[in-house]
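The following exchange asks, for a series of structural labels, what justifies each one. Every answer sets a computed value beside the criterion that applies to it.

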Amino acid sequence: MTTTTKRPVEVLELDRVTIRFAGDSGDGMQLTGTQFTRTAAVFGNDISTLPDFPAEIRAPAGSLPGVSGFQLSFSSSDIHTPGDQPDVLVAMNPAALKSNLGDLPPGGALIVNEDAFTPANLTKVGYTANPLLDGSLSSWNLFAIPIGVLNARALEGLGLTSKQVDLTKNFFALGLMFWLYERSMEPTLKWIDDKFGKRPVIAESNKRALKAGYAFGETTEMFHTTYRVPAAHLPAGTYRNITGNEATALGLVVAGQKAGRDLFYGSYPITPASEILHQLSTYKNYGVKTFQAEDEIAAIGSAIGASYGGALGMTGTSGPGIALKSEAMNLAVMVELPLIVIDVQRAGPSTGMPTKTEQADLLQVLYGRNGDSPIVVVAPATPSECFDVAFEAVRLALKYMTPVVYLSDAFLATGAEPWRLPDVDSLPDISVANRTEPEGFYPYSRDPVTLARPWAVPGTPGLEHRIGGLEKADVLGNVSYDPDNHHLMQTLRAAKVAGIANDIPDLEVFGPEQGDLLILGWGSTYGSIRSAVERLQADGRAVAHAHLRHLNPFPRNTGAVLAGYRRVLVPELNLGQLLLLVRARYLVDAVGYDRVRGKPFRIAEIVAEAERLLAEH
Amino acid sequence: MTEPVSSAAVPEGPPLSPENAAVLVQLTRKDFVSDQEVRWCPGCGDYSILAQTQKLMPDFGFPKENIVFISGIGCSGRLPYYMNTYGFHSIHGRAPTIATGLKAARPDLMVWVITGDGDALSIGGNHILHSMRRNVDIKVVMFNNRIYGLTKGQASPTSEFGKVTKSTPAGTIDQPISPLSVALAAEASFIARSVDTHTEHLQGTLNRVGWHRGSAFVEVLQNCNIFNDGAYREFTDREVREDRMLVLENGKPMVFGKDRDQGIRLSGHQPEVVRIGQDGIREADLLVHDETDPLIAFMLSRIFWPEFPVPVGVIRDVRRPTHDELMTAQTDAALAQRGVGDIRRLLTGGETWSVE
């Protein structure tokens, strides 16, 4: 390949680009995507990401189940989703091509590692002919590059095994993308030094791979255009890139400090919640204790024990873990101790699809326990909002002496976006006092406003008392089988949780307060719904968006908001759970739009559903 | 910004050890009796365990507000209501989990777990196992009546093979579990056995339990006079018990019998009952109990009436770092290395950028 007659490269400015990296789960696609995301974020783009990986750590190499993907969207304007469809697909092998090509619109750029298109790899995924050669990819803008060979050449002389060389080819692809989108290699080069500083040969090999990919873009005649996505105009402040699980952990730690309480996090490893345990376990100098329990039940049991002792007890899991924790959640309801239960939802039922997103645990956490068992439920809408909602969960748990369920999901947990750091001094003091005064102490007396019972922790002289799962006599707290007392206690527990509606913000409406259509959502569907509503509004439709962060109790004005529109559409990544609740609670003839594909909504499908409803009379 | 503070607004109690007893408080049995009416069946062995527990508590000289009793479900689960300390009657089998979290958050407390053979070894088997391997500093008292009493008489994990109960009219086909072997396999640092009706021995054993730092497990053989009456009569009755039970003393030869003329000797690696004076056997030939020897502990956990006298007393007592000590050490190390965490630094950790 010569460069003597190289044509000048044109630079095209774009508002937004969506790239999907796809390869074998051993190809390092998550790392590649994360590095590109960091670089774009530091440059000042708004970003949104969607990692999509198999549950198998290393499925057979080159197989369809082993394909791991990472989609990221970066933009010069405010974006809410990782993009419906990629503009560019980077496919490292035939399996990645086959499983992702359907999402790439015609005309999209397709960058393929042609070295991996061997007869064996093609056969493995059912290609009878090589798609790079048979013309079947003519609808796309195909760039077939011998990434493996070029990369191996760049690494010659380092004395690496062919396997070690192969492991760096993702950085070749990353380098090429950096060139194509005018991104600096510096943040990644620095990352390589930090990560592999003690293994200089490995560091050198990754750097060479990255630079070789970049240089290839520069010197090849394949690409006639590079693309520039200018920095976004984000509100002033200090930013960092953050995933939902990271933001959740930070929110809990900051809330613990603002409450003046030690934190205790008991958890059992489970996808996609484990990162919260990993992260909190590094915060030992922030008053955080973590405990990897023997099972889900022990995890919540230990958290209840810690709360009983005056710390803030927390546990985190996903849907299958919630099923196991249900009995203990009910114990927390009965003994009225603060407790945070994090459910990072994944596709169910049963083991379901552990790495895929869904929001189908809402009814489980509300009603999946014996007896009437009122529990507070909150749900963040975006990765960075996980910080605020985790803080809110702690505030409510402490103030009302109640378990609070925090419903995140796999998309929020692993998805990333830029986060404007909050001013920690402006966050409220959420501390509550322990009961210390023996005079007039009764374990089940109640605060007249919050209906919270006193937090009387062991070690406090004169407050020795007994609690437990058996029904308690009002005020006195002794075991009671009295029929009227049971009725009273049931209504008190329900009233305590219902009363929280007076202490939470009203449901906000984006768009007209009255109109043809309200789209009501909760959780991680926020981005897709908001983008869809922005499009509909731009088309002149009287459409509004409201998004619930408090699922129990609902904000006080929820019914009034719903009443303002001719139609109410509730899109959910389940088969109609919030829909059931709002129909029952507010007698509103809302309709659902349900998709349970293990993936976030596409903006276009919500727009289409809204258009369909608007067209109905 | 407030510094992270200790979870409780109360001073930490003095560390529990005999050396500190002088600075501790003077209480009596009455201080530990709650105002709740005791509601076990008349004649139940649980009364005796409760009485010994209440009698024993003042010996520790520990403020009663720093003592917590946590139980699961079953007849034993009621005990915390009758102790005028802090108490938590939790859910079936899960008391060790609550105790683990409590002890992690509050190492200053003395935490007892009251459980039964079904609660600890059936539904809560996993938790008891892991609390022991972690050496959580809790004192587990397991009432073993070899039956489910509260649910009115079904087979338990310690019921004898073939036992006829309401749920096993043709006899249970499940092999009983040996609680002491389980405790040993799970690395409990203190293991003992006593009997409800042997009040003096029970009190002495519970005293040892109380002073132990680490995971203590004591099996109390307890009679259920309604659903499994006479469960242990064959070797616990006053007339026969000295001949049929082996009272263990650390560093002493294993001698038993009304006339102190019988003992346990090792023949190869097998224990055997021998008579002192017969065939030239002297006391010096007997096995000497060593509370730190796991092989002796395992042997003792396997022998039982009628082949052998039933060993009672402390089977194992070793000191190793407790779960809360290790946890605190890691926290201290993190503080020494990185200082008290500053949440501003925490939030700006990693890469940040400014937008003007």
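Q: Where in chain B does Leu248(B) lie?
A: In this predicted model, Leu248(B) is part of the loop between strand S7 (245-247) and S8 of chain B.

Q: Why is Leu248(B) called buried or exposed?
A: The criterion for a buried residue is 20 or more other C-beta atoms within 10 Å. Leu248(B) has 20 C-beta neighbours inside 10 Å and therefore counts as buried.

Q: Which residues does Leu248(B) touch, not counting residues up to four places away in sequence?
A: Leu248(B) touches His289(B), Pro311(B), Val312(B), Gly313(B), Val314(B) and Ile315(B) under that exclusion. In addition, its C-alpha atom is separated by 9.4 Å from that of Glu291(B), a residue 43 residues apart from Leu248(B) along the chain.

Q: What makes S8, S9 and S10 of chain B an open sheet, and which strands stand at the edges?
A: The 3 strands follow the order S8-S9-S10 with antiparallel pairing. Strand S8 (255-256) and strand S10 (270-275) each have a single partner strand, so one side of each lacks a neighbour in the sheet; these two are the edges.

Q: How do you know that S9(B) and S10(B) are paired?
A: Pairing requires at least two bridges between the strands. Strand S9 (residues 262-267) and S10(B) are joined by 6 bridges and run antiparallel, so the criterion is met. Among the bridge partners, Gln262(B) is matched with Arg275(B), and Arg265(B) with Glu272(B). The hairpin of these strands has 2 residues between them, and in it Gly268(B) adopts a positive phi near 70 degrees.

Q: How do you know that the length of helix H11 of chain B agrees with the expected span?
A: At 1.5 Å a residue, the 16 residues of this helix (residues 323-338) should span 22 Å. The end C-alpha atoms are 23 Å apart, which agrees. Just after the helix, Gly339(B) has a positive phi of about 75 degrees.

Q: Why are the buried residues of H11(B) said to be on the same side?
A: The buried residues of H11(B) are His323(B), Asp324(B) and Met327(B). They cover an arc of only 95 degrees around the axis, which places them on the same side of H11(B). An α-helix has 3.6 residues a turn, so residues three or four places apart point the same way. The other side of H11(B) carries the exposed residues Ala329(B), Asp332(B), Ala333(B), Ala336(B) and Gln337(B).

Q: What do the buried residues of H11(B) pack against?
A: They pack against S11 of chain A together with helix H3 (95-105) of chain B.

Q: Why is H3(B) described as largely enclosed?
A: Of its 11 residues, 11 are buried, so H3(B) is largely enclosed by the rest of the structure. Pro96(B), Ile98(B), Leu102(B) and Lys103(B) are among them.

Q: How many residues of chain A are in contact with chain B, and which element supplies the largest share?
A: The contact involves 63 residues of chain A and 62 residues of chain B. Elements of chain A that each supply at least two residues include helix H1 (29-43), helix H9 (244-259) and helix H12 (319-335). The largest share, 9 residues, comes from H11(A). By class, this side of chain A has 29 nonpolar, 23 polar and 11 charged residues.

Q: What pairs S9(A) with a strand of chain B?
A: At least two bridges are needed for pairing; S9(A) and strand S12 (residues 352-355) of chain B have 4 bridges, in the antiparallel sense. Tyr239(A) stands opposite Trp353(B) there.

Q: Why is H11(A) called largely enclosed?
A: All of its residues, 13 of the 13, are buried, so H11(A) is largely enclosed by the rest of the structure. H11(A) reaches 19 Å from its first C-alpha to its last, close to the 18 Å expected. Gly310(A), which follows H11(A), has a positive phi near 105 degrees.

Q: What makes chain A as compact as a globular protein of its length?
A: Chain A has 20 helices and 23 strands. Its radius of gyration is 27 Å, close to the 25 Å that the globule rule gives for 617 residues, so chain A is as compact as a globular protein of that length. Of these residues, 54% count as buried.

Note on methods
Residues are numbered from 1 along each chain as its sequence is written. Chains are lettered from A and ligands numbered from 1 in the order in which they are written. This is a predicted model: local features need pLDDT of at least 70, side-chain atom pairs count only at pLDDT 80 or more; totals for chains, interfaces and linings use all residues. Two residues are in contact if their C-beta atoms, placed from the backbone, lie within 7 Å. Ala, Val, Leu, Ile, Met, Phe, Trp, Tyr, Cys and Pro count as nonpolar, Asp, Glu, Lys and Arg as charged, and the others, Gly among them, as polar. The expected span of a helix is 1.5 Å times one less than its number of residues. A residue is buried if 20 or more other C-beta atoms lie within 10 Å of its own, exposed if 12 or fewer, and partly exposed in between; C-beta atoms are placed from the backbone. The arc is that of the directions from the helix axis to the C-beta atoms. The radius of gyration is taken over C-alpha atoms; the globule rule is 2.2 Å times the number of residues to the power 0.38.
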